[in-house]
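Take a moment to look over the model before reading on. We will go through it piece by piece.

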Amino acid sequence: ELSEMILQPAADHLQKKRLLISADGILQNIPFSALTISPGEEYEPLIEQYEIVRSPSASAIAQIRQD
């Protein structure tokens, strides 16, 4: 369910083999590499299909600069 809520809206637009994920707030705790965008019964995590690159969100960078 989480994969469908977060990734499915963007699934049709994925054309590259590298995903840059800049999650904010509680979404930073999600193991995106373990999620899947493949519908159906076969489970194939993102890490098997894409290179996953994580980046701090703009709000996290602002907080770091403020501190």
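A polar contact is a pair of N or O atoms within 3.5 Å; within protein, one of the two must be able to donate a hydrogen and the other to accept it. Keep that cut-off in mind. The side chain of T36 reaches the backbone oxygen of E44 at 2.9 Å, so this pair falls within 3.5 Å. One caution before going further: the model is predicted.

Start with the overall plan. The protein chain has four helices and two strands. Read from the N terminus, its elements follow the order α-α-β-α-β-α. The C-alpha trace spans about 45 × 25 × 20 Å along its principal axes. The chain has 67 residues, and buried residues make up 25% of them. Now consider the contacts between residues at least 6 apart in sequence. Of these, 64% join residues at least 24 apart.

Back to T36. Where does T36 lie? It lies in the loop between β1 (18-21) and α3 (46-49). Is T36 buried or exposed? T36 has a relative accessible area of 15%. Buried means under 20%, so T36 is buried. Its surroundings can be listed. Leaving aside neighbours within four places in sequence, T36 is in contact with S3, L7, Y43, E44, P45 and L46.

S3 is on that list, and it deserves its own look. S3 sits in helix α1, which covers residues 2-6. Its relative accessibility is 13%, so S3 counts as buried. The side chain of S3 reaches the backbone oxygen of T36 at 3.2 Å. Put the two polar contacts side by side. The side chain of S3 reaches to T36, and the side chain of T36 reaches to E44. What else does S3 touch, beyond residues up to four places away in sequence? Besides T36, S3 touches Q8 and L35.

Stay in helix α1 for one more residue. I6 is found there too. At 26% relative accessibility, I6 counts as partly exposed. Not counting residues up to four places away in sequence, I6 touches L27, I30 and F32. I6 and L35 are 29 residues apart along the chain, and their C-alpha atoms are separated by 9.5 Å.

Next comes helix α2, residues 8-11, where A11 lies. A11 has a relative accessible area of 16%, so A11 is buried. Compare its position with that of E51. The two are 40 residues apart in sequence, and 15 Å apart in space from C-alpha to C-alpha.

Now turn to the strands. How do β1 and β2 pair? They pair in the parallel sense, over four bridges. One residue pair shows this: L20 has V53 in β2 as its bridge partner. In a regular strand the side chains alternate between the two faces of the sheet. Look for this in β1. L19 and I21 make up its covered face. R18 and L20 make up its uncovered face.

R18 brings us to the salt bridge. How many salt bridges does the structure hold? It holds one. The side chains of E51 and R18 meet in it, at 2.9 Å from N to O. This pair links distant parts of the chain: E51 is in strand β2 (residues 51-54), R18 is in strand β1, and they are 33 residues apart. The two ends differ in how open they are. E51 has a relative accessible area of 42%, so E51 is partly exposed. R18 has 54%. Exposed means over 50%, so R18 is exposed.

What about aromatic rings? The structure holds zero aromatic pairs. A ring can still have a charge over its face. K17 lies over the face of Y50, at 5.5 Å from the ring centre.

Finish in the loop between β1 and α3, where G25 is found. At 43% relative accessibility, G25 counts as partly exposed. G25 and A60 are 35 residues apart along the chain, and their C-alpha atoms are separated by 8.4 Å. T36 lies in this loop as well, and T36 is buried.

Key. Residues are numbered from 1 along each chain as its sequence is written. This is a predicted model: local features need pLDDT of at least 70, side-chain atom pairs count only at pLDDT 80 or more; totals for chains, interfaces and linings use all residues. Side-chain values use heavy atoms; hydrogens and water are left out. Buried means under 20% relative accessible area, exposed over 50%, partly exposed in between (1.4 Å probe, protein chains only). Contact means heavy atoms within 4.5 Å. A salt bridge is a side-chain nitrogen of Lys or Arg within 4 Å of a carboxyl oxygen of Asp or Glu. Two strands pair if DSSP finds at least two bridges between them. Rings of Phe, Tyr and Trp (its six-membered ring) pair if their centres lie within 6.5 Å; planes under 30 degrees apart count as stacked, over 60 as edge-to-face and the rest as tilted. A charge sits over a ring if NZ of Lys or CZ of Arg is within 6 Å of the ring centre and within 35 degrees of the ring normal.
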